[in-house]
Amino acid sequence: MGESSSSVSIDVERISFGGKEHHIQTSHGPVSVAVFGDLEKPALVTYPDVALNHMSCFQGLFFCPEASSLLLHNFCIYHISPPGHELGAAPISSDVPVLSVDQLADQVAETLDYFGLGSVMCLGVTAGAYILTHFATKYRERVLGLMLVSPLCKAPSWTEWFYNKVISNLLYFYGMCGLIKECLLQRYFSREVRGSSLVPESDIVQACRSVSTLYTITLGAFWEDYNFSFTIVFTYPLQLLDERQSTNVWRFLQSINVRHDLTESLKKLQCRTLIFVGENSPFHSEALHMATNLDRRYSALVEVQACGSVVTEEQPHAMLIPMEYFLMGYGLYRPCQMSCSPRSPLSPSCISPELLSPESMGVKLKPIKTRVSLQV
């Protein structure tokens, strides 16, 4: 067969990849869950950070071909949105009480009950990582493992509490104004991505600022067989901050700002835990604190250099190798037909030797750092 190549452009807004949105009524109010994949497979539950949902918090990770093949091959994905954070959400009435972190964790449990799920794998980012960790401490038998990105685990410091109070007041009186967007962007991304007077801000940050921005991802030459290769170009409107209802963001921030310390509960966790944290994340020290209080036989810390809090969007490729070896401990694997691409970061020559010593998790994940060269 002669060599050939082609390019396909797909408008993601018009396709669902088999996903379906469910609106579930729990004892603590409604919750939205987007389900992707084969319902017969084990469940992976995700929970995003403040003012984000699955489209804005996990899209970068799931659009990496290697990560997609790893996660969708092994799991059915259940994206849980914080109350009122789903696409097209209406403002929550002021008559509805703000939920506590305990009630948000209970919502996760009731969501699993609705789908008839037993034990699940969890993937959370910052505030979402706190909710899933709290869920794991309350319902230990229902969590197989935790993959946490820049997680929170302590009660807020006075500095964080005051900062969140200021943001809450601005949200309450002025809505999703420019200053709030700047504060949230600093929460999510590193300075390199946010740009400066000399360096333009990245596409992902520009998309955060404008609802009309089209975000384009190109996946090329990752399926190669019989000398055939092709490129798929995904273009979709990355509707992040402008479409969030400020009242709903305010409510989630209020819940997180009165969270309690999980440090003592961490010692009782019965599941394996993989922590990612951006080196430039405002919550870097919190992630280190969490890592030091977990059982080191069943946990690992990966620091991602030149990265902010939302590693899933800013540097998702840095998560691939640790995730693959973490999941090997559960007998899960990446399908071999996806491993032939020379562009794959999961090729054996790229695997750090310190990941290859078998131990209780199936592999030994030491605290490692990843570095990505930045083109300025």
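# Close-up views

**Ala 51 sits in the loop that runs between β4 (43-47) and α1 (54-57).** The model is predicted, so local features need pLDDT of at least 70 and side-chain atom pairs count only at pLDDT 80 or more, while totals for chains, interfaces and linings use all residues. Residues are numbered from 1 along each chain as its sequence is written, and side-chain values use heavy atoms, with hydrogens and water left out. Helices and strands are DSSP runs numbered from the N terminus (helices: H or I, at least four residues; strands: E, at least two). Look at the backbone of Ala 51: its phi is near 70°, a positive value in a residue other than glycine. Most residues other than glycine have a negative phi. Ala 51 is also buried, with a relative accessible area of 0%. Here, buried means under 20% relative accessible area, exposed means over 50%, and partly exposed lies in between (1.4 Å probe, protein chains only).

**Ala 306 occupies the loop between β11 and α13 (311-314).** Its phi is near 55°, a positive value in a residue other than glycine. Ala 306 is buried, with a relative accessible area of 14%.

**The whole protein has 14 helices and twelve strands.** Of its 376 residues, 56% count as buried. Take the contacts between residues at least 6 apart in sequence: 78% of them join residues at least 24 apart. A contact means heavy atoms within 4.5 Å.

**Helix α12 spans residues 284-292 and has buried residues.** These are His 284, Glu 286, Ala 287, Met 290 and Ala 291. Seen down the axis of α12, the buried residues fall within an arc of 165°, so they line one face of the helix. The arc is that of the directions from the helix axis to the C-beta atoms. An α-helix has 3.6 residues a turn, so residues three or four places apart point the same way. What do the buried residues of α12 pack against? Their partners are two helices, α5 (127-138) and α11 (263-266), and three strands, β7 (143-149), β10 (272-278) and β11 (299-304).

**Helix α3 (residues 65-74) packs with helix α14 (residues 320-328).** The angle between them is about 20°, and their axes are 10 Å apart. That makes α3 roughly parallel to α14. Axes are lines fitted to C-alpha atoms, for helices over the stretch in contact, and angles run from 0 to 180 degrees between N-to-C directions. Angles under 35 degrees count as roughly parallel, over 145 as roughly antiparallel, 65 to 115 as roughly perpendicular and the rest as oblique. The α3 and α14 crossing is left-handed. A left-handed crossing has the near helix turned anticlockwise from the far one by less than a right angle; clockwise is right-handed. On the α3 side, find Glu 66, Ala 67, Leu 70 and Leu 71. They meet Leu 320, Met 323, Glu 324 and Leu 327 in α14. By class, this contact has six nonpolar, no polar and two charged residues. Ala, Val, Leu, Ile, Met, Phe, Trp, Tyr, Cys and Pro count as nonpolar, Asp, Glu, Lys and Arg as charged, and the others, Gly among them, as polar.

**Helix α6 (residues 158-174) crosses helix α10 (residues 246-257) at roughly 160°.** Their axes come within 9 Å. That makes α6 roughly antiparallel to α10. The crossing is left-handed. Residues of α6 in the contact include Trp 161, Lys 165, Ser 168 and Tyr 172. From α10, they include Val 249, Trp 250, Leu 253 and Gln 254. The α6 contact with α10 has seven nonpolar, five polar and two charged residues.

**Gln 254 is part of helix α10.** Is Gln 254 buried or exposed? Gln 254 is buried, with a relative accessible area of 19%. Not counting residues up to four places away in sequence, Gln 254 touches Val 98, Lys 165 and Ser 168.

**Leu 99 lies in the loop between β5 (76-80) and α4 (101-115).** Leu 99 is buried, with a relative accessible area of 15%. Its C-alpha atom and that of Gly 29 are separated by 9.0 Å, although the two are 70 residues apart along the chain. Leaving aside neighbours within four places in sequence, Leu 99 is in contact with His 28, Pro 83, Leu 104, Gln 107 and Ser 255.

**Ser 119 is in the loop between α4 and β6 (120-125).** Ser 119 is partly exposed, with a relative accessible area of 36%. Tyr 139 is 20 residues apart from Ser 119 along the chain, and their C-alpha atoms are separated by 9.6 Å. With neighbours within four places in sequence left aside, Ser 119 is in contact with Glu 141, Arg 142 and Leu 144.
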